Amino acid sequence: MDKYSILKKYFGYPSFRKGQELLIDSILNGRDVLGVMPTGAGKSICYQVPALLLPGITLVVSPLISLMKDQVQALNQAGVHAAYINSSLSESQISKALRLAAAGQYKIIYVAPERLEAYGFLQFALQADISMLTVDEAHCISQWGQDFRPSYLKIVQFIRQLDRRPVVSAFTATATSRVIEDIVCVLGLQEPQTLVAGFDRKNLYFAVETPKKKDRYVLDYIQAHADESGIIYCATRKNVDDLYEKLQAYGVAAARYHAGLGNEERRQSQEDFIYDKSPVMVATNAFGMGIDKSNVRYVIHYNMPQSMENYYQEAGRAGRDGERAECILLYSAQDIMINRFLLENKEPGDGQKFEEASGLRQRDEERLRTMSYYCMTSGCLRAYILRYFGETGMERCENCFNCSQEFDEQDVTDAAEKIIDGILEVRQRYGVNVIAGMLAGEGRAKLREYGVCTCQAYGSLKGMREAEIKALINQMLADGLLSATNDKYGILKVPRDAKRMLYEGHRVLWKKRKGASQPPNASDSPNSGSSKQRKSDILNSKGLELFERLRSLRTEIAKEENMPPYIIFSDRTLVDMCVKAPLEKEEMMQVSGVGEHKYARYGERFLQGIREYTNGVREKYYFGGPDGAVRGKKADFYLTPDQADRFPYAQKYLVTEIAEKLNSLRDADTTKKISGAELFRRMQAKGYASEIMSDGIHKKVVTQKGQAAGLFIGMRLSKKGTEYEDIYYNEDAQRMIVGYYSRAMSFT
């Protein structure tokens, strides 16, 4: 049996996703691998498929009991013999599991890192044929990762004790370049095949809201999404308990989870959430790392997280099935104070030296500051996240709150100069609050005590509100015009070139959102709506009715087998059943997510449900274009030859203008739009252009290859009349781009 047969037989998928084959082939060829892949990209397939093809056992080191249980349940449902060994089992159960494993009963064994040093497990490992050791959530091995776990360091020692070194594979969803280097070094990966598949989760919608009453916002949101499952993260146990009680009082079927609850209550809460008895979970970040629940349709952060790594990992628990989901952060200035208090009271790690603890504390402060900039930016939220993880090129995603808003652009260069002058006048000794209060002309006792009320800069920005001055300072920090010390005080500093940049004509533009944000409801929240509204992107009214029938059947089976519904079949698989409406086994086997073992267990019952609803009559249960393409599953952008012939070539275009012309030619019913940012990313990927940092400013440059292809630098005028450089594309470059999208060929 080959890798393709394994994929279809056990997992029900007809083909591999991008990047999966590269890692699978490397493992099968005996090479170590490191996969950095976003949640929902199919990391587990990358080690589960080769595990079934390798001769011996695969050990998967996993950090949480709940994660192991989910994975093993899903594998057993798919017909793969797997087991887990952790503290939830008795010693007799562990001994039995190891005996069965030694006898060849299991191909995949999940194990907690602490278990690796246990005498009984080590004796088993020394006798067993271990073909591969997989490290899941590999960022936990790095002290620079957001979830560093000292127990992960036991993995390296365990590998050294084995008579024969197995292939070592490591996987994680979120890792900066520093953490990636740490994983390779600390784990001792040998010339690993590394794949960084990107961090973008296109199905997730991001928003930052600043409601005056967070509780009201959350309740309104849940009521508008009553048929959906979601997680609400709070920074403190007290916030969890307060919000949970309020939701209960309004009749919301919610559960809660934090470290202050007893083991049994936490277990019951998690089970109620997984089995959809309580579709809403209110929790601290102690919850969720091991949750593989695929149908979470929203994640709301009641408070700002401490770092971008934490935020993206927690937000990433939404939409694991690839369907649309929302990630909303409710921000208030108090969140920074709460997080700083939590950081100041954070216990140092076991055996951590003072210098290490001090360095990590500074890193924590830097992360917190970066997270606060995310909450205040007026730019694309997705682009901000991707830049943090090292991906550049995106300007607008058109699928976040900021991209959906209208902004007034103001030239605030004069105000920026006054901020810099004020910081320099007080000899760069104070943080944001003091500087903003001084410039606004506030009369607080603290400001008088510091003596800043007598400074020349005092009141120089009296026409602005203090909150606006703080927002402008934060933008200047994000743009590199200011810096701040990496400690709790965040003392503002002026980089050497900042003043010169302003004097030489660099303009500071400030985007100010038009209107105020409102709590979302079914009618006015971008991308919000019930699960039926989401499914209606694909399914028509009859298709939606069939989906509800199949979902009820899934719930019925889940109760019978005491199994989470999403492990039976995911929502995505149910939607595909509605689109294909299979009436026979051969047709059901073409549904994504239906493998041989799952068909044998559940296939006939779902076929019977479809037959009863359709009366055996074939009918279309989805929206479709003239060629039968499923609407909502639009094809990536392309042009037919006839459409390409109508492109209006000109002497020069900006990339945004090319995108606009291309989109006007496409079939809007069956083809996705393309953005100028996507076109520019392709230019970067093919070596025609790049983006560099010069004097603290991002600049686009044309390479020698790009010049030969027809790209050149020209001047543009901003709305305020300021000149700046941008890339233009002559007719040859335009023809190259049109040719690519009409013939699906590669740029050379």
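# Backbone, aromatic and charged features of the model

Glu398 is found in the loop between helix 15 (381–388) and strand 14 (407–411). The structure described here is a predicted model. In this model, Glu398 has a positive phi of about 60° although it is not a glycine. Most residues other than glycine have a negative phi. With a relative accessibility of 52%, Glu398 counts as exposed. A positive phi, of about 55°, is also assigned to Gln428, likewise not a glycine. Gln428 belongs to the loop that runs between helix 16 (413–425) and helix 17 (432–440), and its relative accessible area of 23% makes it partly exposed.

**Confidence**

The protein has an average pLDDT of 84, and 88% of the residues score at least 70. Confidence is highest in strand 5 (residues 130–135), with a mean of 96, and lowest in helix 21 (residues 531–535), with a mean of 46. The pLDDT is below 50 over residues 516–533, a stretch that has 40 contacts in the model beyond near neighbours in sequence. Residues 625–629 also stay under 50, and for them the model has 7 contacts beyond four places in sequence.

**Aromatic rings**

The count of aromatic pairs comes to 22. One of them joins Phe199 and Phe389, whose ring centres are 4.7 Å apart and whose planes meet at 20°, so the pair is stacked. Phe199 lies in the loop between strand 7 (193–196) and strand 8 (204–209), and Phe389 in the loop between helix 15 and strand 14; the pair therefore ties together parts that are 190 residues apart in sequence. Phe199 and Phe389 are both buried. Ring pairs link these two residues with Phe206, Tyr312 and Tyr388 into a cluster.

Charged side chains also sit over aromatic rings. The charged end of Lys214 is placed over the ring of Tyr302, 5.4 Å from the ring centre. Arg735 lies over the face of Tyr649, at 3.9 Å from the centre of that ring.

**Salt bridges**

Side chains of opposite charge can pair when their charged atoms come close. Across the whole structure, 34 salt bridges are found. In one of them, the closest N and O atoms of Asp215 and Lys246 are 2.4 Å apart. Asp215 lies in helix 9 (residues 214–224) and Lys246 in helix 10 (residues 237–249), so this bridge ties together parts that are 31 residues apart in sequence.

Arg554 forms a salt bridge with Asp571, with 2.9 Å between the closest N and O atoms. This pair links distant parts of the chain, with Arg554 in helix 22 (residues 541–561) and Asp571 in helix 24 (residues 571–580), 17 residues apart.

The side chains of Arg256 and Glu265 meet in a further salt bridge, at 3.3 Å from N to O. In addition, a network of salt bridges links Lys3, Glu21 and Asp25.

The table gives the solvent accessibility of the residues in the three individual pairs.

| Residue | Relative accessibility | Class |
|---|---|---|
| Asp215 | 22% | partly exposed |
| Lys246 | 41% | partly exposed |
| Arg256 | 17% | buried |
| Glu265 | 34% | partly exposed |
| Arg554 | 3% | buried |
| Asp571 | 5% | buried |

In the pair between helix 22 and helix 24, Arg554 is thus buried at 3% and Asp571 is buried at 5%. In the pair between helix 9 and helix 10, Asp215 is partly exposed, as is Lys246. The remaining pair joins buried Arg256 to partly exposed Glu265.

Key:
Residues are numbered from 1 along each chain as its sequence is written. This is a predicted model: local features need pLDDT of at least 70, side-chain atom pairs count only at pLDDT 80 or more; totals for chains, interfaces and linings use all residues. Side-chain values use heavy atoms; hydrogens and water are left out. pLDDT is the predictor's confidence in each residue, from 0 to 100. Helices (H or I, at least four residues) and strands (E, at least two) are DSSP runs, numbered from the N terminus. Contact means heavy atoms within 4.5 Å. Buried means under 20% relative accessible area, exposed over 50%, partly exposed in between (1.4 Å probe, protein chains only). Rings of Phe, Tyr and Trp (its six-membered ring) pair if their centres lie within 6.5 Å; planes under 30 degrees apart count as stacked, over 60 as edge-to-face and the rest as tilted. A charge sits over a ring if NZ of Lys or CZ of Arg is within 6 Å of the ring centre and within 35 degrees of the ring normal. A salt bridge is a side-chain nitrogen of Lys or Arg within 4 Å of a carboxyl oxygen of Asp or Glu.
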